[in-house]
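Visitor: I would like a close look at a single part of this protein, the contact between two of its helices. Please take me through the residues involved and the geometry of the pairing.

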Amino acid sequence: MAPDERQAVRAGYATHGERPDDKTWAHLLPKVELHVHLDGAFDPALLFELAKKRLGELPENTESAVTGKAMAVRDKVASCEKLEDFEKLITCKGQRSLKAMLDCFNIFLPCVRGDLNAVEEMSYRFCCRQAKENVVYTEEFPREVWPGLVRYSPHLLLDGEYFSGETRLDPEAAVAAVTRGLRRGCREHGIVVNQILCCISFQPSWSTAIVDLALKHRDAFPCAVVGIDVAAGEVGDDPAQHAPAFQRANELGIKATLHAGEMGGPENVRHAVFDFRAARVGHGYAAADQPELLKACVAEGAHFEVCPTSSQETGAWHYTDDKPPWPKHPLHAMLEAGASVSINSDDPSVFVTDLTEEFCVCLRAGLTRQEALQLNRNALQAAFGDRKELQEVRRLIDAYAMQMDPVSVSA
Ligand SMILES: [Zn+2]
């Protein structure tokens with residue numbers, strides 16, 4: 001929806017009381033997103049262009065997370081004649097499998113790895129995507145871009161696993177490329193995007209460098225690094241390994257949000273909140289099965305970044321019905337326990353979704369618009385960014401709430 005159309009809908013409501021449908025309402029809401037991965041939000045059209053350009057450089061085979069056998073990456077990509085073919089290859093929609101999701105990343109990440117211009121352009125297009133959905137504040141995770149570029153470390157190059165053209169890429173250069181792209185996009189679209197750097201659960205030796213980078217770039221607004229995470233698994237899988245880096249981050253005042261209780265159990269949520277002192281938990285669904293733990297997390301002030309479609313598509317949300325029973329989603333148990341919860345898209349390109357749709361899912365699951373608005377406010381409250389930037393976002397949300405639903409605002 002173009003800006004003038006948005007204005008027309010808002011004006012129509014203000015003048016004639018024309019109540020927009022849920023989709024329009026969710027689209028127009030100035031949204032805050034705390035949990036979205038840059039690589040999970042890559043622009044498929046640009047990915048397809050890069051894939052064709054770099055076809056000869058793509059790995060012939062990689063181990064499939066689903067079958068454990070060789071997956072012919074180059075042949076699969078080569079067989080795509082049109083963008084639609086490629087889009088089918090890089091989505092796991094309908095498979096309800098985290099492993100199927102990982103295979104998508106295995107196919108498309110090699111198209112970007114090592115190409116800092118592509119990383120910058122993807123970061124810029126990420127802002128365009130967020131602006132289109134009226135996401136005015138975002139904290140995004142350049143998750144796989146980071147290890148992707150670190151794969152250019154000498155010992156991995158010796159393996160000859162990926163491209164041999166670039167030998168001097170370092171994580172600092174990756175952060176710089178992402179920052180350049182984000183700043184260009186934010187300036188053009190008038191939105192705010194900050195960064196969260198991810199440690200990788202199975203590569204604890206990288207975590208110290210992540211803390212160093214977060215420290216170095218934490219005041220570099222706009223598009224600063226505002227926190228750290230552990231992705232590609234959960235910190236609770238082997239907590240001792242990452243503990244020193246997170247202890248240091250805590251001492252330095254670097255904020256943390258941790259993937260926990262998505263595929264892992266409730267003890268991972270406990271580790272995240274109470275051992276690693278994470279202010280936020282990515283997903284955290286496993287905590288919903290343990291009322292005592294949930295209560296303790298609420299008392300601690302922990303925030304849960306819920307990703308509805310992601311939880312359905314990866315199988316992190318367990319259900320046996322044919323169709324997803326949205327009114328029984330763990331989100332509801334979290335809200336009943338008084339938890340601060342936000343709505344997020346996680347990997348929108350891979351799940352073929354966006355934040356507007358995620359809000360619609362919540363409305364279909366039985367949340368009222370007022371409750372959905374509150375989740376958006378919760379996200380803002382739990383954001384790590386610069387307070388001045390956040391104040392501006394609050395003003396936008398307040399203005400929207402006042403214009404679209406003045407009765408509930410004054411109630
Ligand atoms: Zn995630």
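Guide: In this predicted model, the contact brings Leu46, Leu47 and Leu50 of helix α3 together with Ala118, Glu121, Met122 and Arg125 of helix α7. By residue class, the contact of α3 with α7 comprises five nonpolar residues and two charged ones, with no polar residue taking part. Two packed helices are described by the angle between their axes and the distance between the axes. For α3, which spans residues 44–53, and α7, which spans residues 116–132, the axes come within 10 Å and cross at roughly 165°. Because an angle over 145 degrees counts as roughly antiparallel, α3 is described as roughly antiparallel to α7, and the crossing of the two helices is right-handed.

Turning to the leucines that α3 brings to this contact, Leu46, Leu47 and Leu50, one general point helps in reading their positions. An α-helix has 3.6 residues a turn, so residues three or four places apart point the same way. On the α7 side, the contact draws on Ala118, Glu121, Met122 and Arg125.

As for the setting of this pair, the protein chain has 21 helices and ten strands, and of its 411 residues 56% count as buried. Among the contacts in the protein chain with a separation of 6 or more, residues 24 or more positions apart account for 73%.

Notes
Residues numbered from 1 in each chain as written. Predicted model: local features only at pLDDT ≥ 70, side-chain atom pairs only at ≥ 80, totals over all residues. Heavy atoms only, no water. Axes fitted to C-alpha atoms, helices over the stretch in contact; angles between N-to-C directions. Helix = DSSP H or I, 4+ residues; strand = E, 2+ residues; numbered from the N terminus. Parallel < 35°, antiparallel > 145°, perpendicular 65-115°, else oblique. Left-handed = near helix turned anticlockwise from the far one by under 90°. Contact = heavy atoms within 4.5 Å. Nonpolar A, V, L, I, M, F, W, Y, C, P; charged D, E, K, R; others polar. Buried < 20%, exposed > 50% of the residue type's maximum accessible area, 1.4 Å probe, protein only.
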